[in-house]
Amino acid sequence: RKSHPVTGGALKLADLVRLTFHKNLEGQFWCPVLNKVFTEHTHIVAVRTGGGKDSGAGHAAHVYCYQAVQELNLKAKNMRDLLTDTPFTRADIIQIQDPAAPPRAGVKAGAAAMAGAARDGAGDIRVV
């Protein structure tokens, strides 16, 4: 299909971000900085570093709990990746899971899915 799931345009390799999750000794995903195990109640973010979108090299991102990024990067005004010390901007922070935020339209509500979607009687979108 090679189409961007949100915009419906062409999907390029540079549009993708390689996420690096870390596991503890028990095999659970966790924040490598605060050593907190991720649960359905954890605010999880990734910090995008490396190859810019225009370089064609794609991106890499380490995954952290938001608490680590907030305390050690944003509040401290230290905009460097916590593991690699690579500089980043606030725009490079990718929200993966935020249990406090209301649900947003996901991939199913993207342009590609909207082409084959229909509204039911309640006004909800369903993919057909």
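**View 1. Glu71 and Lys75 meet in a salt bridge in this predicted model.** The two side chains approach to 3.2 Å, N to O. Glu71 is partly exposed, with a relative accessible area of 40%. Lys75 counts as exposed, at 55% relative accessibility. The structure holds 3 salt bridges. The pair Glu71 and Lys75 is one of them.

**View 2. Asp92 reaches Arg48 in a second view of a salt bridge.** The closest N and O atoms of Asp92 and Arg48 are 3.8 Å apart. The cut-off for such a pair is 4 Å, so this contact qualifies. Asp92 lies in the loop between helix 1 and strand 6, and Arg48 in strand 4, so the pair ties together parts that are 44 residues apart in sequence. Arg48 is partly exposed, with a relative accessible area of 22%. Partly exposed begins where buried ends, at 20%, so Arg48 is not counted as buried.

**View 3. Asp85 combines a salt bridge with a positive phi.** Asp85 is found in the loop between helix 1 and strand 6. Its partner in the salt bridge is Arg80. The closest N and O atoms of this pair are 3.1 Å apart. Asp85 counts as partly exposed, at 46% relative accessibility. Arg80 counts as partly exposed too, at 33%. The backbone of Asp85 has a phi of about 65°, although Asp85 is not a glycine.

**View 4. Lys77 also has a positive phi.** The value is about 55°, and Lys77 is not a glycine. Lys77 lies in the loop between helix 1 and strand 6. Is Lys77 buried or exposed? At 75% relative accessibility, Lys77 counts as exposed. The threshold for exposed is over 50%, so Lys77 passes it.

**View 5. Four strands form an open sheet.** The strand order is 1-5-4-6, and the pairing is mixed. Strand 1 (17-20) and strand 6 (93-97) are the edge strands. Each of these edge strands pairs on one side only. Neighbouring strands of this sheet are turned by 30° against each other on average, direction ignored. Helix 1 (residues 66-74) packs on the sheet. This helix touches strand 4, strand 5 and strand 6. The direction of helix 1 makes about 100° with that of strand 5.

**View 6. Strand 4 and strand 5 pair in the antiparallel sense.** Strand 4 covers residues 44-49, and strand 5 covers residues 59-65. The two are joined over 6 bridges. Thr49 is found in strand 4. Which residue of strand 5 does Thr49 face? Thr49 stands opposite Ala60. Leaving aside neighbours within four places in sequence, Thr49 is in contact with His59, Ala60, Asp81 and Thr86. At 9% relative accessibility, Thr49 counts as buried. Buried means under 20%, so Thr49 meets that limit.

**View 7. The largest nonpolar core has 15 residues.** Which residues have the most contacts inside this core? They are Cys31, Phe38, Val69 and Ile93. Strand 4, strand 5 and helix 1 each supply at least two residues of the core. Phe38 merits a closer look. Leaving aside neighbours within four places in sequence, Phe38 is in contact with Phe21, Phe29, Trp30, Cys31, Ile44, Val63, Tyr64 and Cys65. Among these contacts is Cys31, which is also listed with Phe38 for the most contacts inside the core.

**View 8. Phe21 and Phe29 form an aromatic pair.** The count of aromatic pairs comes to 1. A pair of aromatic rings is described by the distance of the centres and the angle of the planes. For Phe21 and Phe29, the centres are 5.5 Å apart, with 65° between the planes. Planes over 60 degrees apart count as edge-to-face, so the pair of Phe21 and Phe29 gets that label. Phe21 counts as partly exposed, at 36% relative accessibility. Phe29 is partly exposed, with a relative accessible area of 40%. Phe21 and Phe29 are both in contact with Phe38.

Key
Residues numbered from 1 in each chain as written. Predicted model: local features only at pLDDT ≥ 70, side-chain atom pairs only at ≥ 80, totals over all residues. Heavy atoms only, no water. Pairing = 2+ DSSP bridges. Axes fitted to C-alpha atoms, helices over the stretch in contact; angles between N-to-C directions. Contact = heavy atoms within 4.5 Å. Buried < 20%, exposed > 50% of the residue type's maximum accessible area, 1.4 Å probe, protein only. Core = buried A, V, L, I, M, F, W, Y, C linked by side-chain atoms within 4.5 Å. Phe/Tyr/Trp six-rings, centres within 6.5 Å; stacked < 30°, edge-to-face > 60°.
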